[in-house]
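Here's a quick briefing for anyone opening this structure for the first time. Take a look at the sequence and the model, then read on.

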Amino acid sequence: QVQLVESGGGLVQAGGSLRLSCAASGRTFSSYTMGWFRQAPGKEREFVATINGNGGITYYADSVKGRFTISRDNVKNAVYLEMNSLRPEDTAVYSCAAGWGGIAVTTRRYAYWGQGTQVTVSS
C-alpha cells in the first residue's frame, strides 16, 4: 500500500509559477515510477509528466515540454512538479500517481493515486 498526498496548488496569474509536491508513504518508494496527471472540468484525465524510480528518465506531454519539470527525492519520499510560464489552459486538478514497470503515460499503469490539488491560472 502506497499513500500519496499532493500540496502546493493555488491561484496564480498567467506567466507565473507554482511547485507541486507529492509526499509518499512506504519503504520502497524508489522502486516506483511516478507520474503527474491533470483533469480539467468536463475533460478526461490527461498525462502530464513521468519519472522512473531512480530519476534518470523523464517524459513530458507535448503541452508542457519546456515549461514543467518533474523531479524526485527518494530520501524524502517525494516527487515534485515545477510549473513555469503557466497558462489559463493549465487550470486543472493535478494528481500524482505511483506505478511500476518503467515510465508510463497511461492511467492503467498507476496503482496508487493522491487526492489531487487544484491549480487555477488566471488571465
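Keep in mind that this is a predicted model. Let's start at T50, which is buried, with just 1% relative accessible area. From there we'll move on to the core, a sheet, the disulfide and a few loop residues.

**T50 and what surrounds it**

- T50 belongs to strand β5.
- A polar atom of the T50 side chain lies 3.0 Å from the backbone oxygen of M34.
- Setting aside neighbours within four places in sequence, T50 is in contact with T33, M34, G35, I57, T58, Y59, I70, I103, A104 and Y110.

**The nonpolar core**

- The largest nonpolar core has 35 residues, and those that touch the most other members are L4, M34, W36, L81, M83 and Y94.
- Plenty of strands chip in: β3, β4 (33-39), β5 (46-51), β7, β8, β9, β10 (110-113) and β11 (117-122) each supply at least two residues of this core.
- Which strand gives the largest share of the core? That's β9, with 5 residues.
- L81 is worth a click: leaving out neighbours within four places in sequence, its contacts are L18, R19, L20, W36, V48, A49, F68, T69, I70 and Y94.
- Two of those contacts of L81, W36 and Y94, also appear with L81 among the core members that touch the most others.

**A four-stranded sheet**

- Follow the order β1-β3-β8-β7 and you have an open sheet of 4 strands with antiparallel pairing.
- The edges are β1 (4-7) and β7 (68-73), and each has a single partner strand, so one side of each is left without a neighbour in the sheet.
- On average, neighbouring strands here are turned by 15° against each other, direction ignored.
- Between β1 and β3, the antiparallel pairing runs over 4 bridges, and L4 has A24 in β3 as its bridge partner.
- Between β3 and β8 (residues 78-83), the antiparallel pairing runs over 6 bridges, and R19 has E82 in β8 as its bridge partner.
- What do the two faces of β1 look like? L4 and E6 make up the covered face, while V5 and S7 make up the uncovered one.
- Here's the background to that pattern: side chains in a regular strand alternate between the two faces of the sheet.

**The disulfide**

- How many disulfides are there? The count comes to 1.
- The cysteines in question are C22 and C96, with their sulfur atoms 1.9 Å apart.
- C22 sits in strand β3 (residues 18-24) and C96 in strand β9 (residues 92-99), so the link ties together parts that are 74 residues apart in sequence.
- A disulfide, by the way, is a covalent bond between the sulfur atoms of two cysteines.
- The link of C22 and C96 is right-handed, with 55° about the S-S bond.
- Are these cysteines buried or exposed? Both C22 and C96 are buried.

**S95 in strand β9**

- S95 is also found in β9.
- With a relative accessible area of 8%, S95 is buried.
- Apart from neighbours within four places in sequence, S95 is in contact with E6, G35, W36, F37, W113, G114 and G116.
- Two names on that contact list for S95 may ring a bell: E6 is on the covered face of β1, and W36 is one of the core residues that touch the most other members.

**Loop residues to look up**

- R27 is in the loop between β3 and β4, and at 86% relative accessibility it counts as exposed.
- How far apart are the C-alpha atoms of R27 and E46? They are separated by 28 Å, and the two residues are 19 apart along the chain.
- N77 is in the loop between β7 and β8, and at 16% relative accessibility it counts as buried.
- The phi of N77 is near 55°, a positive value in a residue other than glycine.
- S85 is in the loop between β8 and β9, and at 41% relative accessibility it counts as partly exposed.
- S85 has a positive phi as well, near 50°, and it too is a residue other than glycine.

Terms used: Residues are numbered from 1 along each chain as its sequence is written. This is a predicted model: local features need pLDDT of at least 70, side-chain atom pairs count only at pLDDT 80 or more; totals for chains, interfaces and linings use all residues. Side-chain values use heavy atoms; hydrogens and water are left out. A disulfide is a pair of cysteine sulfur atoms within 2.5 Å. Buried means under 20% relative accessible area, exposed over 50%, partly exposed in between (1.4 Å probe, protein chains only). Contact means heavy atoms within 4.5 Å. Two strands pair if DSSP finds at least two bridges between them. Axes are lines fitted to C-alpha atoms, for helices over the stretch in contact, and angles run from 0 to 180 degrees between N-to-C directions. A nonpolar core is a set of buried Ala, Val, Leu, Ile, Met, Phe, Trp, Tyr and Cys residues joined through side-chain atoms within 4.5 Å. A polar contact is a pair of N or O atoms within 3.5 Å; within protein, one must be able to donate a hydrogen and the other to accept it, and residues adjacent in sequence count only if both atoms are side-chain atoms.
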